Amino acid sequence: MLQLGGGVALLLATGCAAGSKPQGANAPSGTAPAAASSLRIAVSSYLSSWDQDFVGFDLTALMLYKNVYPYLIDYGVTDVDGAQILDTTNITPTFAESFTPSADQKVWTLKLRKGVKFASGNEMKAADVKWSKDRAFAAQANVAGVYRVIGLTEPDQVKVVDDYTVEFTQAFPSALTPQIQAISLYVFDSVEARKHATDADPWAKEWFAKNPPTGGYFNVEKATQGQEIVLAANTGYPGPDPAKTPTIRISVVPAASNQRLQLQNGDIDIALGVSKRDIADLKKAPGVKVISAPSNQQVTLQMSVTTAPFDDVNVRKALAYAVPYEQIIANIYGGDARPAKSPVPLDMPGYDERGYPYTYDLEKAKAALAAAGKTSVTSELVFEADNEEQQQLAVLVQSEARKAGIELTLAPLDPATLAERRQKRSVPLQITSGQLWVNDVEYMLATSLVKGANLNYSNYSNPEIEKIYEESHTTVDAAARGELWAKVQEILAADVPWVVVCQPNFNLPVRENVAGWVQPMDGLARLRHLMPSA
Amino acid sequence: MRIVRFVVRRLLQLIPVLLGVVVLTFLLVRVLPGDPIRTILGPNATPEDAAAARARYGLDQPIVKQFLDYLGGLVTGDLGTSIQSGTSVGAEIGLRIGPTFELVVLALAVALVVAVLLGVWSARHADRAGDHGVRLTALVGNSMPEFWLGLVLILVGYSVLGWFPAPSGRVDPDTNLTPLTGADLLDAALTLNGPAFGSALAHLILPVATLSIVVVAPLLRSVRASALEVLHSEPYVAATAHGLRGRTLLRGYLLRATLARLPSLAALVFGTSIGSTVLVEYVFSWQGFGQWALRGLLYRDYPVVQASVLVIAFCYVVVFLIADVAQAVLDPRVQI
């Protein structure tokens with residue numbers, strides 16, 4: 001999955017907390033100060049639903065799901081240059097005992113630990129896994145979509161072997177299986193769920209829309225609609241790395257400026273919705289630190305290769321030469337972003353910038369436009385209406401592109417209109433920002449660059465890419481995959497469906513005593529690692 | 001009896017008005033560009049997945065059938081299911097309307113009291129320094145955008161002075177307030193929860209002040225103008241010439257005549273206040289009706305948009321009805 005959502009996505013990608021004593025000018029009034037064993041986190045909105053299968057696709061919800069649903073396997077953590085990051089090459093069992101493939105890597109066997117319980121007291125068993133995956137297939141939404149990438153399309157492919165064993169039989173082997181299952185293999189308490197199912201609502205949608213799941217790293221102790229969610233560490237979690245903070249309070253503070261004030265005053269420990277401008281100021285604020293780390297979030301300009309004027313590759317090249325990359329990084333991101341030289345994100349295995357020719361060069365831009373037989377072209381430039389960063393970027397690109405003969409009309413769109421136009425593939429040029437939830441080029445192709453892919457806003461299709469994509473399904477050797485990805489990048493550099501603008505760094509303002517932040521490669525914070533420092 | 005007949009007649013008129021609102025909203029929200037389904041599906045969802053989701057919400061049906069189903073639901077009190085949250089729209093309104101109503105009603109009450117006191121005082125001290133000061137202050141308050149004013153009050157009241165709680169909700173969740181109406185102050189009073197009452201009151205002060213400051217100017221100007229008119233009217237001048245006491249003049253001759261015009265203006269201001277709550281709720285993390293309706297509109301959550309417009313229309317009609325009755329009581333010349 002690719003998370004597209006601009007600044008909000010970035011902010012939510014981060015996340016978490018330290019149990020700090022209130023500091024600053026004022027003790028928080030009205031609410032009890034956070035105890036040393038708890039953390040307070042501010043988010044921009046309340047989650048839309050607790051049901052991960054049928055609804056609930058906002059970023060607050062997705063982040064919470066990672067922490068309250070029991071994910072049977074999950075990413076490990078690795079140390080890179082002193083920073084802790086989620087290790088997408090190391091998928092480890094958590095609530096499960098093991099998850100292992102057959103020799104041909106088509107059948108994966110999930111063994112559950114015995115004695116693991118949901119909050120209801122029901123034991124987590126194979127029947128829960130089966131019911132949960134049947135539910136996901138029935139929903140025809142999030143998990144059902146992602147399972148197709150690894151050849152899981154029917155409920156019958158998930159079989160209960162015994163009370164503690166489940167088999168997943170894929171249509172083909174896939175190197176992506178561990179990562180795909182790491183984001184999909186969550187389970188419901190099916191015994192409890194069946195109590196709330198009816199003939200009209202066999203999957204208890206109504207119940208799960210309002211009632212949090214149980215049994216994850218945290219249980220929801222209390223949820224005050226629209227205002228606050230209190231998470232309590234699940235002491236029954238049987239696996240490695242249990243939650244380090246007993247209580248985490250997540251409060252909804254929509255206004256970024258209020259999050260900043262509350263962070264400075266010590267009323268919250270972590271602010272997940274502060275603007276870039278405020279973050280720059282907070283770096284100098286007493287009692288606050290800004291955790292900064294490289295991120296795989298990409299900012300791109302995606303051109304529709306089937307819509308004029310970008311149906312001509314030379315026009316696409318002209319735009320790629322007309323974008324002021326360094327100026328954007330300096331002026332919009334304050335230097336806090338990395339230049340990117342490939343549509344493959346910098347920290348994704350297989351990144352290769354060889355042969356990527358595009359830098360800011362107006363003469364080359366004009367020459368490319370001339371090669372298209374044109375001196376000027378016009379197009380609209382679509383971006384998210386409520387995204388300040390994208391707005392600034394659009395203005396800068398518009399200004400420089402005009403010098404090369406590309407006249408852009410700015411078109412900010414609300415979420416529903418943007419979603420509809422993207423689906424109709426009727427956007428000639430648009431700004432996107434987001435990061436892949438699976439850190440792998442095959443997944444990137446599957447979601448964004450093969451024919452019919454849902455995020456293929458460029459409507460891009462190349463027979464060689466399609467062939468490589470098919471080949472990659474069954475290529476599990478890392479070196480062989482690396483060769484495929486080098487070829488992919490060579491083709492994409494020639495076809496230029498996207499202009500890759502940069503990769504902004506991740507920044508998270510927290511109180512000074514917050515520790516344990518683990519940088520998520522999928523943009524969704526894992527709160528179990530967080531702790532108040534001594 | 002006349003008033004009762006008037007109220008009944010106006011309530012009956014509600015039916016065609018609301019029916020018109022229902023039809024218009026149902027059609028207009030579907031004319032707007034935007035897909036309500038795509039935002040609840042994952043990025044890997046296929047057109048078939050989207051079609052299945054559309055079918056779940058009945059959006060695959062002919063528009064006439066969709067409308068008849070919606071109308072049938074309304075008759076039975078079912079406002080539909082939110083596409084974004086998957087929960088009952090009626091239940092969501094129940095959670096959201098109380099906080100917003102509390103905010104608007106209190107803000108309007110404060111604004112009315114301030115407008116009457118200062119408006120009459122200004123008129124009685126017309127063209128003096130105090131009068132100019134009051135009018136100028138009201139004008140400045142009216143000119144300030146509510147979100148900016150809210151942020152300034154937060155900066156001063158919470159961050160600098162530390163007198164008010166953090167703007168992160170309506171009541172401290174640790175007070176364990178049992179929600180009854182959704183209006184936290186009222187619920188705290190009804191459940192005799194002292195800590196929750198104090199917390200809700202503390203959380204209300206800044207947003208109520210913001211909204212009151214924004215809406216008080218037109219009320220104040222109206223009261224002042226009416227009071228000046230009364231002060232220069234023959235009956236009032238005659239009463240003054242007869243040497244009546246100040247209190248008698250104020251209560252018997254000035255106040256009632258001055259306030260006669262106020263109800264209809266207050267009803268209009270009530271409508272403005274509902275609109276203003278969208279920003280005030282955002283700034284103060286209020287999670288009320290305004291933010292809920294706005295999100296519904298942004299994501300084309302059809303049942304939410306339809307229900308929110310219907311509720312607002314209903315409120316308008318009822319508030320104007322109350323205003324008309326109040327005006328009739330205050331001004332005997334008004335025939336109803």
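1. Let's start with the domains of chain A. In this predicted model, the centres of domain 2 and domain 3 of chain A, taken over C-alpha atoms, are separated by 35 Å. The division behind that distance gives domain 1 as 1–69 + 216–290 + 507–534, domain 2 as 88–208 and domain 3 as 298–504. Domain 1 of chain A is thus listed in pieces of sequence, so to speak, and it is worth having the ranges to hand when you colour the chain.

2. How do domains 2 and 3 of chain A touch? There are 11 residues of domain 2 of chain A in contact with 12 residues of domain 3 of chain A. On the domain 2 side, helix H5 (residues 177–184) of chain A brings the largest share, 3 residues. By class, that side of domain 2 of chain A holds 7 nonpolar and 4 polar residues, and no charged ones.

3. Now for chain A as a whole. Its secondary structure comprises 17 helices and 22 strands. The radius of gyration of chain A is 23 Å, close to the 24 Å that the globule rule gives for 534 residues, so chain A is as compact as a globular protein of that length. The C-alpha trace of chain A spans about 70 × 60 × 45 Å along its principal axes. Of the 534 residues in chain A, 59% are buried. Looking at contacts in chain A with a separation of 6 or more, 71% are between residues 24 or more positions apart.

4. Chain B has its own make-up, with 13 helices and 0 strands. Its C-alpha trace spans about 85 × 55 × 40 Å along the principal axes. Buried residues account for 41% of the 336 residues of chain B. Among contacts in chain B between residues at least 6 apart in sequence, 72% join residues at least 24 apart.

5. Where do the two chains meet? The contact involves 54 residues of chain A and 46 residues of chain B. Several elements of chain A each supply at least two residues to its side, among them helix H4 (142–147), strand E9 (218–224) and helix H8 (256–265). The element of chain A that gives the most is H14(A), with 6 residues. By class, the side of chain A that touches chain B has 23 nonpolar, 22 polar and 9 charged residues.

6. A look at the interior: the largest nonpolar core has 240 residues, and those with the most contacts inside it are Leu301(A), Ala318(A), Leu319(A) and Leu219(B). Helix H8 (residues 194–231) of chain B gives this core its largest share, 17 residues. For a closer view, take Ala318(A): leaving aside neighbours within four places in sequence, Ala318(A) is in contact with Ala365(A), Ala368(A), Leu369(A), Ala404(A) and Ile406(A).

7. Helix H16 (residues 463–473) of chain A is a nice one to rotate on screen. Its buried residues include Ile465(A), Ile468(A), Tyr469(A) and Ser472(A). Seen down the axis of H16(A), the buried residues fall within an arc of 105 degrees, so they line one face of the helix. An α-helix has 3.6 residues a turn, so residues three or four places apart point the same way. On the other side of H16(A), Pro463(A) and Lys467(A) are exposed. Helix H15 (441–449) and helix H17 (478–495) of chain A are included in what covers the buried residues of H16(A).

8. A few backbone details deserve a second look. Most residues other than glycine have a negative phi, and most peptide bonds are trans. Ala308(A) and Pro309(A) are joined by a cis peptide bond, with omega about 5 degrees. Pro309(A) sits in the loop between strand E14 (298–303) and helix H10 (313–322) of chain A.

9. Two residues of chain A are worth checking for phi. Ala204(A), although not a glycine, has a positive phi of about 50 degrees. Ala204(A) is in the loop between helix H6 (190–195) and H7 of chain A, and it counts as buried because it has 20 C-beta neighbours inside 10 Å. Asp241(A) also has a positive phi of about 50 degrees without being a glycine. Asp241(A) lies in the loop between strand E10 (228–233) and E11 of chain A, and with 16 C-beta neighbours inside 10 Å it counts as partly exposed.

10. Lastly, a residue in chain B. Ile322(B) belongs to helix H13 (residues 302–330) of chain B. Is Ile322(B) buried, partly exposed or exposed? With 15 other C-beta atoms within 10 Å, Ile322(B) is partly exposed. Its C-alpha atom is separated by 40 Å from that of Ile37(B), 285 residues apart along the chain.

Terms used. Residues numbered from 1 in each chain as written. Chains lettered and ligands numbered in written order. Predicted model: local features only at pLDDT ≥ 70, side-chain atom pairs only at ≥ 80, totals over all residues. Core = buried A, V, L, I, M, F, W, Y, C linked by C-beta atoms within 7 Å. Buried ≥ 20, exposed ≤ 12 C-beta atoms within 10 Å, placed from the backbone. Helix = DSSP H or I, 4+ residues; strand = E, 2+ residues; numbered from the N terminus. Contact = placed C-beta atoms within 7 Å. Domains from an automatic or database assignment. Nonpolar A, V, L, I, M, F, W, Y, C, P; charged D, E, K, R; others polar. Rg over C-alpha atoms; globule rule 2.2 N^0.38 Å. Arc of directions from axis to C-beta.
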